[in-house]
Amino acid sequence: MPEAKPAAKKAPAGKDAGKDAAAKPAPKEAPPTEAPPEDQSPTAEEPTGVFLKKPDSVSVETGKDTVIVAKLNGKELPAKPDVKWFKGKWLELGSKSGARFSFRESHDAASNVYTVELHIAKVVLGDRGDYRIEVKAKDFCDSCAFNIDVEAPRQDSAGHSLESFKRSGEAKSDTAGELDFSGLLKKRQVVEEEKKKKKDDDDLGIPPEIWELLKGAKKSEYERIAFQYGITDLRGMLKRLKKAKVEVKKSAAFTKKLDPAYQVDRGNKIKLVVEISDPDLPLKWFKNGQEIKPSSKYVFENVGKKRILTINKCTLADDAAYEVAVKDEKCFTELFVKEPPVLIVTPLEDQQVFVGDRVEMAVEVSEEGAQVMWLKDGVELTREDSFKARYRLKKDGKRHILIFSEVAMEDKGHYQVMTNGGQCEAELIVEEKQLEVLQDIADLTVKASEQAVFKCEVSDEKVTGKWYKNGVEVRPSKRITISHVGRFHKLVIDDVRPEDEGDYTFVPDGYALSLSAKLNFLEIKVEYVPKQEPPKIHLDCSGQTSENSIVVVAGNKLRLDVSITGEPRPVATWMKEDQVFTGTEGRVRIEERGDISSFVIESAERGDESRYTIKVTNPAGEDVATIFLKVVDVPDPPEAVRVTSVGEDWAILVWEPPKYDGGRPVTGYLLERKKKGSQRWMKLNFEVFTETTYESTNMIEGILYEMRVFAVNAIGVSQPSMNTKPFMPIAPTSEPQHLTVEDVTDTTTTLKWRPPDKIGAGGIDGYLIEYCVEGSDEWIPANTEPVERCGFTVKNLPTGAKITFRVVGVNIAGRSQPATLAQPVTIREIVEQPKIRLPRHLRQTYVRKVGEHLNLVIPFQGKPRPQVVWTKGGAPLDTSHVHVRTSDFDTVFFVRQAARSDSGEYELTVQIENMKDTATIRIRVVEKAGPPENVMVKEVWGTNALVEWQPPKDDGNSEVTGYLVQKADKKTMEWFTVYERSRHTSCTVSDLIMGNEYYFRVYTENICGLSDLPGVSKNTARIVKTGMTLKLPEFKEHDFRTAPKFLTPLFDRVVVAGYAAALNCAVRGHPKPKVVWMKNKMEIREDPKFVMTNHQGVLTLNIRRPSPFDSGTYSCRAVNELGEALAECKLEVRVPQ
């Protein structure tokens, strides 16, 4: 790779500069030089901040490669840096900059140093300018600027300037002789002149190619070009352009070139149009240097001299440079494909979860593959960080998902999704999971060789645990079995032995909780008692009048073991209330085991609550004990849950206590809220709420919500109540504005007002109008349904009463504050003087043409409603021809087809009692005038003729504005106009040709135009020649006959299948040759696919919708009596790929 030498403004520093200097090949005459060490460089500065080595400004020759290197201190960066390279201020260099630009990045883990490189291959003059490197890492950002100077290739004389710096003498050794400075001094002046000339030619550091581009561009394009090529001195550039003389070089091939740049939204289509000077010239389109072939994506069109390239459904791949070539000429453009804004279709939703749950936060956007940014509490979540954290980011079409496999407490917070078209936010609430014991372990008393079963039930199926005996973990064996099925954990001990007696404990993993029970070993001692013993029930309190109470939680198992003694063995009988219970199987059953009678209920229900009696008997006597079983449960859900009122961001929720409290007093309530359509409920309180009225706040106005309530007692939480009807936090509107009275009659009042200043998200459904009669406090509604417009007429009011009116706005939130009139209104008709407001155009004569319609709208005023009368000349109108419609405010005069009889003066009278107003309307209906009368040639002298006539009998009811005079030679009778709009009834026609005889005719002209018929002169004007004879010269007639000859031949064509094609040529010959079109030597006859035309020798063969079958050799033959001519071409029809 060729070297990139540092610019003169900044001296090279460090090892890299030494390498660049050493890389240059030194001439044989000069000794090799070495760059000074880094610690000895006088210009070396100790790097500070993130840049250990800043990029150097370089100067490189055109066509060579260059590398820009920068080193970053990783210790100063909070994360892996994101490095971007810019040309100028904002033009980012990336994959779209072309293959010449490449980027490399490496990281030394030992020293924590990042090395970034910018490679530019085959540098061109357009690469000259200021550059900038930008480093970003989370919240950290820094940048550094540098410059690239591009020089023209060095000339031979400049490349060997050191040859002049040589030693004098004939000695062959390099060290012999003296140094000769003369050669170098002679060339100093030449080098300075070249530098001065280069400075003049390259003012402001802008390459000549850019100057040429600016000279040919529009003024509106200057800023874009300066931005594209990194020109920062805009004022200097504009001064230079103002002084320069722009010479527009005309193109020989293009009459209209492409614009410098085009822009299109992704997914739309765009047309690139050029106009060429010759429609037969071949034309090719290129994209990034590759020829474009016709396809459904790229469609070529030929419209006259225009050539159109249509690009359908533009994607980011179409963002490229395009060019069109005609022979040796080319024109270029650049297409920018703009990404449409990405909108959020389905926003994030608030979630409330427990530690360890799987969480998916999803958002749906409007575009597939769109880039979105996830943030947590304002900090961006990246895919690089996801490998270290517990989350991962997933894309599924338009859905973007943030997934936590096992959520932790530190994951709670506010999460935000941002796109270039919007953003949304949601809160993730994480709570510690509370383990609830549904069934505790019970103490057991087991005899030898029997089975002992410890069983407990917890609320989480995933919870595991360990069993301990007297603090020592229990291990499974042949006699001991440990099982975990769903929420149930069991410890089973077979063949119980005395050593199994002790305290057993179950400890759930991960929870500060333990369940304990005791195993008692019952030893059996056999004693022989020869005497009888009466039966006895061993309870805490026994006897005929004693009563025991047992409380069991609904759903739990109850096993009531009653120990019985007596000899002989007594018989136990169980009764529920007064009914004997004998069942030994099922949910409720009796079990007998030796001296123990057990009453077992597997899953207690509310119906099991009752008084139970056990009676034992033997020959020696009997014993009775009564047990009252009370079943307690969670309460029923609260009832009548409803929202009584809402505000802008609040709502009042009211409910009734549950009918059944579960046997334990209700200690309070829990409330939840969710958005309508969502499945995520959010808790509103974590401590129980004791009241039955709750105000929910911090809601969003205009969003539909639903709420539900749980009842809580000592046993647990009830099922949720029925959801409330969906409600929307909306405040009523403010009061209507500017309530005024527009009109009052004997029984009605018309009010008008303006909408409220504050309407809110609920909008406004309409307005209700109410009125109150003076002396009463009752407000009477004037309308039952809200009216939408800001005006209303209250009817059926008592005449003469004084009434106060008010208006309220109504929406989903209820009624607004009323807008009330300040003073009462007296219901009485207000007499108003009648007055006709005649439009301006009817204050003068109204002119219409025959056949047109007459439609006059004349407004008037007056109260009460005036009487309107139309007359013409004092007589009433003909209602069969004239239609009149009158309203409270105007009257309409209508005639469908006007006739001349409709002309005249019309009188309009508007009258209220003895008051009236009158207006006169003058209407004139006109048509074309008749022809002039008695057109005569009165006198002829020399080449002049005097023509006179009389005005027409019928002027068309309009003033004659002039006459049109025409003349005609008697031989040809072709008429020519000699006078227009002549105001007189006579005229003198001059410049007549001697020897000819002329007729004259005259048209009448009025406001409707010329008359349909002219008045023709009855006599003629003969222009006599005196003293002159005509002698015709002799001439020989020329022979114009020629054989057929093609002036324009046929050209080979390539067309696209499905698009009409035309073959054109031109032929000359006299007599007119006969033309025959042929395809592959076969004459084309009457085929509807081919249309042949001949327009004054220009021959065209149109081919409709050609297909590949229409490809071949087409020829055109022209034949007349003097010979024939033939023209041929080849037509190729291509199918789009």
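1. Starting with a loop: N957 sits in the stretch linking β74 (944–950) to β75 (962–969). Worth a look in this predicted model: N957 has a positive phi, about 65°, despite not being a glycine. Its relative accessibility is 25%, so N957 counts as partly exposed, given that this class runs between 20% and 50%.

2. Another asparagine to check is N1080, with a positive phi of about 55°, and again it is not a glycine. You'll find N1080 in the loop between β85 and β86 (1082–1083). With 43% relative accessibility, N1080 falls in the partly exposed class.

3. On to cis peptides. The bond from H1070 to P1071 is cis, and omega is near 5°. P1071 belongs to the loop between β84 (1061–1070) and β85 (1074–1079).

4. The peptide bond from K863 to P864 is cis too, with omega near -10°. Here the proline, P864, lies in the loop between β66 and β67 (867–872).

5. Now the sheet: 4 strands make an open arrangement, ordered β64-β66-β70-β69, with antiparallel pairing. The edges are β64 (832–836) and β69 (883–886); each has a single partner strand, so one side of each has no neighbour in the sheet. From one strand to the next, the twist averages 15°.

6. Zooming in on one pairing, β64 and β66 (residues 854–863) run antiparallel and are joined by 3 bridges. If you want a residue pair to anchor on, K835 has Q861 of β66 as its bridge partner.

Conventions:
Residues numbered from 1 in each chain as written. Predicted model: local features only at pLDDT ≥ 70, side-chain atom pairs only at ≥ 80, totals over all residues. Heavy atoms only, no water. Pairing = 2+ DSSP bridges. Helix = DSSP H or I, 4+ residues; strand = E, 2+ residues; numbered from the N terminus. Axes fitted to C-alpha atoms, helices over the stretch in contact; angles between N-to-C directions. Buried < 20%, exposed > 50% of the residue type's maximum accessible area, 1.4 Å probe, protein only.
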